[in-house]
Amino acid sequence: GKEEDKQFKKRKFNSLNWKINEEGFKICPDGRVFDQHGYDRIQYTRNNNLSITQIYTEKNHCEGCPLKEECTKGKYRTYGKNVILNELQEKVKENLSTSEGQEMKKERSIQVEGAFGVIKQDMGFTRFTRKGMKSVKMEFLLVCIGYNLRKYHLYRIKTDKKEA
């Protein structure tokens, strides 16, 4: 993920790169602890997932900070922690760290490449013939339906031969 990226790690003012103390609060590059829980922002994302973001700040927190100009454009710095998203990401990391999870991840990357290979090579679809996003989406949807029907048809032929 982006946490391992060297360019991402160099951004010391990004709150994802800040150190965390024993209590779980973030420490800014100047060594100030963001332990003041301001408020919760509860909202739904575009795909109707619940998002609860805890906003941490302290209005006097950035007074006299030599890094304030680089760190924030406002009067003081805040940072948000999406509680639900963090919980889900930890669960994903935990699942992917197991041998079964790594095997599934490897299998998925192979399958996706295989599907596009079949569409391009076996079905001969290498270029879109329509223009405009709406038309291209419809054309690709038809290709995907054709791919799934082909796959189902080949599966039925295979199972019918086994039964006979």
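**Aromatic rings and cysteines at a glance**

Trp18 is a buried residue, with a relative accessible area of 6%. Welcome to this predicted model, where Trp18 makes a good starting point for a look at ring pairs and cysteines. The count comes to 8 aromatic pairs, while the number of disulfides is 0.

**Trp18 and its partners**

- The ring centres of Trp18 and Tyr79 are 6.1 Å apart and their planes meet at 70°, so this pair is edge-to-face.
- Distant parts of the chain are linked by this pair, since Trp18 sits in the loop between α1 (6–9) and β1 (19–20) and Tyr79 in strand β6 (residues 78–82), 61 residues apart.
- Like its partner, Tyr79 is buried, and its relative accessible area is 4%.
- Trp18 and Tyr79 also belong to a cluster joined by ring pairs, together with Phe25, Phe34 and Tyr56.

**A pair of phenylalanines**

- Phe125 and Phe128 have ring centres 5.2 Å apart and planes at 80°, so they too form an edge-to-face pair.
- Phe125 counts as buried at 17% relative accessibility, whereas Phe128 is partly exposed at 40%.

**Cysteines without a bond**

- A disulfide needs two cysteine sulfur atoms within 2.5 Å, and the structure holds 0 of them.
- For Cys28, the closest cysteine sulfur is that of Cys65, and the 5.6 Å between them is too far for a bond.
- For Cys71, the closest cysteine sulfur belongs to Cys28, at 6.2 Å, which is again too far for a bond.
- Cys28 is buried at 10% relative accessibility, and Cys71 is buried at 18%.

Conventions: Residues numbered from 1 in each chain as written. Predicted model: local features only at pLDDT ≥ 70, side-chain atom pairs only at ≥ 80, totals over all residues. Heavy atoms only, no water. Phe/Tyr/Trp six-rings, centres within 6.5 Å; stacked < 30°, edge-to-face > 60°. Helix = DSSP H or I, 4+ residues; strand = E, 2+ residues; numbered from the N terminus. Buried < 20%, exposed > 50% of the residue type's maximum accessible area, 1.4 Å probe, protein only.
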